[in-house]
Amino acid sequence: MLLIAGIVPDNEYPLTVGKVTQAEDGRSLLTDGRRIPCAQGTAAMLSTALAVTKYLGLEAPYAVLAGDTGSGTGTRQIYNYLIKNITKLSPQVLSLHYCLPILTLMQQLHLAVREVPQKPLLIADAGSMYAAKASGLAPQFDLFTPDASELAFLADPEAIHPAYISNYLFEGDITKAPEFIQQAYRINGAAKVMLVKGSVDYIAAHGQVLEKVDEPNVPELECMGGTGDTITGMVSAFIYAGFALEQAAIISAKANRTAGLVTKVTPASHVGELIQQLPRVLKENLCSWSGLCTR
Amino acid sequence: MFWKNFNFSLTDKAPDKAARLGDAEKGLVIFDTVEEAIKAEKIIKAAGYTCKLVAPPPRLRKGCDLALEINLMEQGAMEKALQGKVIYNGIHPLNGVAELLNAVKVTNYDEYVMVKAGNMKLVFAKKGGLIVNTSGGGCPDIPYLNIMLVGQKLSEAPRPREMAHTLCGLMLDRAFEVALNIWEGGMEHAADRGNRSR
């Protein structure tokens with residue numbers, strides 16, 4: 001099971017658990033029969049993960065969702081559900097996404113995950129990544145997918161949130177990423193593998209950059225809400241498919257850029273346009289990128 | 001004209017009484033929620049006192065939270081100003097507080113301008129001032145703010161600050177504020193901006 005957890009930007013949306021399916025309109029998603037609002041964030045991540053699992057012929061992702069527009073109510077429902085049920089669910093991959101970073105809940109979830117007989121691979125992005133780092137649990141995670149600002153946060157030993165990073169770290173552009181990656185590992189602010197999303201994507205492990213992905217260059221992607229979520233959705237699905245963490249990260253970075261290119265995105269494009277192109281991108285490129293040429 | 005007054009420094013160097021106080025004189029008002037902190041800042045400033053929003057130190061933090069840095073010597077007055085209007089946990093002496101990131105970067109595209117404040121970005125169309133995208137951030141109000149803002153004109157959109165709960169939302173409000181200033185200052189000046197930071 002690929003299990004993805006995150007909030008939905010609708011306070012009326014109850015705690016919902018189930019397999020993700022495509023709605024009849026072909027755009028929105030359903031979980032347990034309930035429509036997930038089309039939006040950046042976990043919805044974009046789920047859409048992408050579903051597109052990849054469908055392309056690879058795998059079981060669709062499962063989702064744990066709840067409505068939350070900032071108060072933390074939905075976040076608490078999600079984390080409390082996971083803490084109570086993670087052993088029963090026993091996913092192979094657990095991907096934690098948008099939420100209010102509540103450090104005590106992250107610590108409780110980590111303790112619960114340790115009790116799972118087959119420990120899942122742990123991925124975190126967005127608020128869940130903030131909580132993992134701020135609670136000192138980053139090295140327990142298998143993959144983080146920060147952008148450049150979030151990398152600076154992971155590299156700042158004092159920061160409890162990306163809004164509080166030191167200015168000298170914020171000044172550094174993406175070309176400083178290798179330095180920040182080293183620092184993040186040094187202070188235990190990094191996961192085992194890091195996929196740093198930016199104008200250049202960096203894949204790193206053990207404090208060292210393993211690969212840089214900078215082609216095709218599509219600067220407009222930075223403007224679009226949700227293009228980081230699509231990478232995290234993709235890499236979660238590829239890891240679930242059995243790809244090595246590093247390889248899954250490299251393929252995802254390449255696929256996101258290529259989807260942006262073929263979509264001809266502008267700063268005003270919606271992330272849904274990009275997701276629609278993913279099956280085509282994978283069909284045309286996955287074989288050469290990965291050696292997986294069966295489809 | 002906004003541009004003539006815009007100071008492109010990397011940190012907020014605006015004179016601030018609280019910023020000049022010695023540590024021994026500083027205190028922190030601690031809140032359960034960001035909304036209460038923002039409300040308290042407005043009340044304290046309206047009452048004529050100096051204060052600023054800051055990160056609480058690790059021993060007091062809860063997550064996406066804010067504290068209000070005040071002059072501890074004025075604690076009684078602060079409590080009086082906040083009493084019955086704001087819910088807060090207590091007022092504590094300062095210890096190792098960080099300052100909220102105040103760096104802004106503006107990027108020009110042919111038809112759009114992207115404003116990045118901290119980890120948050122807002123993109124608007126040069127023609128018409130329509131907000132076309134927001135991105136960055138990982139707190140739970142960000143997808144909601146995206147829905148509320150995209151498709152609205154800068155001049156008519158609700159302020160993110162009024163809807164936000166978290167620090168990401170607060171940073172998006174900063175991006176919004178700069179974008180609105182750019183828009184109101186006239187787009188003929190936007191081309192001169194290039195990629196700069198303050």
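# Exercises on a predicted two-chain model

B:Ala37 is a residue of helix H3 (residues 34-46) of chain B, and the structure to which it belongs is a predicted model.

**Exercise 1.** Work out whether B:Ala37 is buried or exposed, and find which residues B:Ala37 touches, not counting residues up to four places away in sequence.

*Solution.* Begin with the cut-off, by which a residue is buried if 20 or more other C-beta atoms lie within 10 Å of its own. B:Ala37 has 22 C-beta neighbours inside 10 Å, and therefore counts as buried. Next, look for its contacts, leaving out residues up to four places away in sequence: these are B:Phe31, B:Leu53, B:Leu66, B:Ala67 and B:Leu68. Finally, compare sequence with space, for B:Ala37 and B:Tyr88 are 51 residues apart in sequence, while their C-alpha atoms are 8.1 Å apart.

**Exercise 2.** Determine on which side of helix H3 of chain A the buried residues lie, and what they pack against.

*Solution.* First describe the helix, which runs over residues 103-114, has twelve residues and reaches 17 Å from its first C-alpha to its last, close to the 16 Å expected at 1.5 Å a residue. Then list its buried residues, which are A:Leu103, A:Leu105, A:Met106 and A:Leu109. Because they cover an arc of only 160 degrees around the axis, they lie on the same side of H3(A). The face turned away from this buried side carries the exposed residues A:Thr104, A:Leu111 and A:Arg114. As a last step, follow the buried residues of H3(A) to their partners, helix H2 (73-89) and helix H4 (126-134) of chain A.

**Exercise 3.** Explain why helix H9 of chain A is described as largely enclosed by the rest of the structure.

*Solution.* Start with the extent of H9(A), whose 19 residues (245-263) reach 27 Å from the first C-alpha to the last, close to the 27 Å expected. Of these 19 residues, 16 are buried, and so H9(A) is largely enclosed by the rest of the structure. To complete the description, look just past the helix, where A:Lys264 follows with a positive phi, near 55 degrees.

**Exercise 4.** Find how many residues of chain B are in contact with chain A, and how the residues on that side of chain B divide by character.

*Solution.* Count the contacts first: 41 residues of chain B are in contact with 41 residues of chain A. Among the elements of chain B that give two or more residues to this side are strand S7 (112-117), strand S8 (120-125) and helix H7 (167-185). Sorting the residues of this side then gives 25 nonpolar, 13 polar and three charged.

Terms used. Residues are numbered from 1 along each chain as its sequence is written. Chains are lettered from A and ligands numbered from 1 in the order in which they are written. This is a predicted model: local features need pLDDT of at least 70, side-chain atom pairs count only at pLDDT 80 or more; totals for chains, interfaces and linings use all residues. Helices (H or I, at least four residues) and strands (E, at least two) are DSSP runs, numbered from the N terminus. The expected span of a helix is 1.5 Å times one less than its number of residues. A residue is buried if 20 or more other C-beta atoms lie within 10 Å of its own, exposed if 12 or fewer, and partly exposed in between; C-beta atoms are placed from the backbone. The arc is that of the directions from the helix axis to the C-beta atoms. Two residues are in contact if their C-beta atoms, placed from the backbone, lie within 7 Å. Ala, Val, Leu, Ile, Met, Phe, Trp, Tyr, Cys and Pro count as nonpolar, Asp, Glu, Lys and Arg as charged, and the others, Gly among them, as polar.
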